[in-house]
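These entries record what I looked up in the structure, one topic at a time.

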Amino acid sequence: MKLIDAIAQQSPTIAALRRDIHAHPELCFEEIRTADVVAAKLTEWGIPIHRGLGTTGVVGIVHGRDGGKSGRALGLRADMDALPMTEANTFAHASTQPGKMHACGHDGHTAMLLAAAQYLSSHRDFDGTVYLIFQPAEEGGGGAREMITDGLFERFPMQAVFGLHNWPGSKVGFFAASPGPVMASSNEFKITIRGKGGHAAMPHNALDPVPVACQLVQGFQSIISRNIKPIDAAVISVTMIHAGEANNVIPNSVELQGTVRTFSLAVLDQIEQRMQDMTAQLCAAFGMTADFEFHRNYPPTINTAPEAEFCRQVMADIVGADQVEVQEPTMGAEDFSFMLMQKPGCYAFISNGDGAHREMGHGGGPCMLHNASYDFNDALLPLGATYWVRLAQAWLAKVA
């Protein structure tokens, strides 16, 4: 493993910074303290900053030895927000904010990019510009979209953008990057079936929406099995059904809610249309009506092939080709997808280890993301920061 010595030597300081951020989690668009910490460190290292994109976002600007005159530039992105959940850990850096927790490692992502920023600020042995993007509100708020709307790519013109997320399960020292879809689109629906309530002992006097809802739930699965190509992965999950208040009363309505995940917008278009048609037609067949709501949250995260392959080469130079894995696409979602819809780039994974680094007592194993006993592995900090630096240096040299 070829770590940058100067970064490795600063690891204890960066780890302390990461733990401070972990202890003070902030939810989407509330990352005021975190943004203050990021801005203070970048300023301390002589890096000009811009604040306020996406409400609480921070962008650091590191020009190379040419002062950025070449116009070549890339963006490196880290997310800053936490999750609305209670932490189960009791270590010294556990959350001090009830109901808020860094359970996805955004504290570590921020720290890794800060470590890279510190090195780049004092080793400007490249031509071009590195934009350090500290993004708010990845966890459901669409902070990437909001930064773009506020002019991220117009104010800071870059030819490509890159992201990195920790991934629990395998040993520290492994990366994964692949072309094409690596995370799914995230979408939600709410359907209200409207019938006519009545006495449960006299169903002929009512229009019962409950059996219609049951048929609709089953029918949605036929969209996946009979309308979507077998080679196109997709998920329709009905996760909530609300109906009735008494066991002898047929309710007036039934509400269904759930999620749809796809790896392409074309498949998403097809699913949304089939769900809407099926809802309207089935309800009409039983003399009922329905309200159909479908909200698209995050698009699929799709890496461009040249950038993904370039990232794999950089990773291989650091840890060896045998420790650079193929990404297994996940039906989880990520708002870095909005950035990849605007610019070429790659969203990669860095292994968070097998769980041995964390406080035990809440179950063994790697402790997956969004788990109350999760903790970012500080052993990743010098490796992730080294990757960011080597990627920036190599990419700027390549485009030259």
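**Entry 1: Gln-215.** I listed the contacts of Gln-215 and set aside its neighbours within four places in sequence; Leu-282 and Phe-286 are in contact with Gln-215. I note here that the model is a predicted one. The residue belongs to helix H7, which covers residues 209-227. I then asked whether Gln-215 is buried, exposed or partly exposed. Its relative accessible area is 39%, so I entered Gln-215 as partly exposed, given that the partly exposed class lies between 20% and 50%. I also took one C-alpha to C-alpha distance: Gln-215 and Pro-344 are 43 Å apart in space and 129 residues apart in sequence.

**Entry 2: helix H3.** I checked whether the length of H3 (residues 32-44) agrees with its residue count. The helix has 13 residues, which at 1.5 Å a residue should span 18 Å; the C-alpha atoms at its ends are 18 Å apart, and so the two values agree. Next I asked which residues of H3 are buried. They are Thr-34, Ala-35, Val-37, Val-38, Ala-39 and Leu-42. I traced what these buried residues pack against and found helices H2 (11-23) and H4 (106-122), together with strands E1 (49-51), E2 (58-63) and E4 (129-135). Just after H3, I found Gly-46 with a positive phi of about 75°.

**Entry 3: positive phi outside glycine.** I recorded two residues other than glycine with a positive phi. For Thr-55, phi is near 80°. Thr-55 sits in the loop between E1 and E2 and is exposed, because its relative accessible area of 53% is over the 50% limit. For His-370, phi is near 65°. This residue is in the loop that runs between E16 and helix H11 (380-399), and I entered His-370 as partly exposed at 43% relative accessibility.

**Entry 4: the largest pocket.** I looked up the volume of the largest pocket, which is about 520 Å³. Its lining comprises 23 residues, and those closest to the centre are Glu-139, Ser-186, Arg-261, Tyr-298 and Ala-333. Strands E5 (160-167), E8 (186-194), E12 (253-262) and E13 (289-298) are the elements that give two or more residues to this lining. Which of the elements gives the most to the lining of the largest pocket? I found E8 in that place, with three residues. By residue class, I entered eight nonpolar, nine polar and six charged residues for the lining of the largest pocket.

**Entry 5: the second largest pocket.** I noted a volume of about 200 Å³ for the second largest pocket. It is lined by 16 residues, of which Trp-167, Ala-176, Glu-325, Glu-328 and Phe-349 are the closest to its centre. Strands E6 (175-176) and E16 (345-351) each supply at least two of the lining residues, and E16 has the largest share, three residues. The lining of this second largest pocket divides into nine nonpolar, five polar and two charged residues.

**Entry 6: Thr-330.** I located Thr-330 in the loop that joins strand E15 (324-325) to helix H10 (336-342). Is Thr-330 buried or exposed? I entered Thr-330 as buried, because its relative accessible area is 18% and the limit for buried is under 20%. With its neighbours within four places in sequence left aside, Thr-330 is in contact with Trp-167, Val-182, Met-183, Ala-184 and Phe-263. I also found a polar atom of the Thr-330 side chain 3.1 Å from the backbone nitrogen of Gly-332.

Terms used. Residues numbered from 1 in each chain as written. Predicted model: local features only at pLDDT ≥ 70, side-chain atom pairs only at ≥ 80, totals over all residues. Heavy atoms only, no water. Helix = DSSP H or I, 4+ residues; strand = E, 2+ residues; numbered from the N terminus. Buried < 20%, exposed > 50% of the residue type's maximum accessible area, 1.4 Å probe, protein only. Polar contact = N/O pair within 3.5 Å; in protein donor to acceptor, adjacent residues only side chain to side chain. Contact = heavy atoms within 4.5 Å. Expected span 1.5 Å × (residues − 1). 1 Å grid on protein atoms, 1.4 Å probe; cavity = no way out; pocket = protein on both sides within 12 Å on 5 of 7 lines; lining within 4 Å. Points joined across faces, edges and corners; volume = space filled by probe spheres on them. Nonpolar A, V, L, I, M, F, W, Y, C, P; charged D, E, K, R; others polar.
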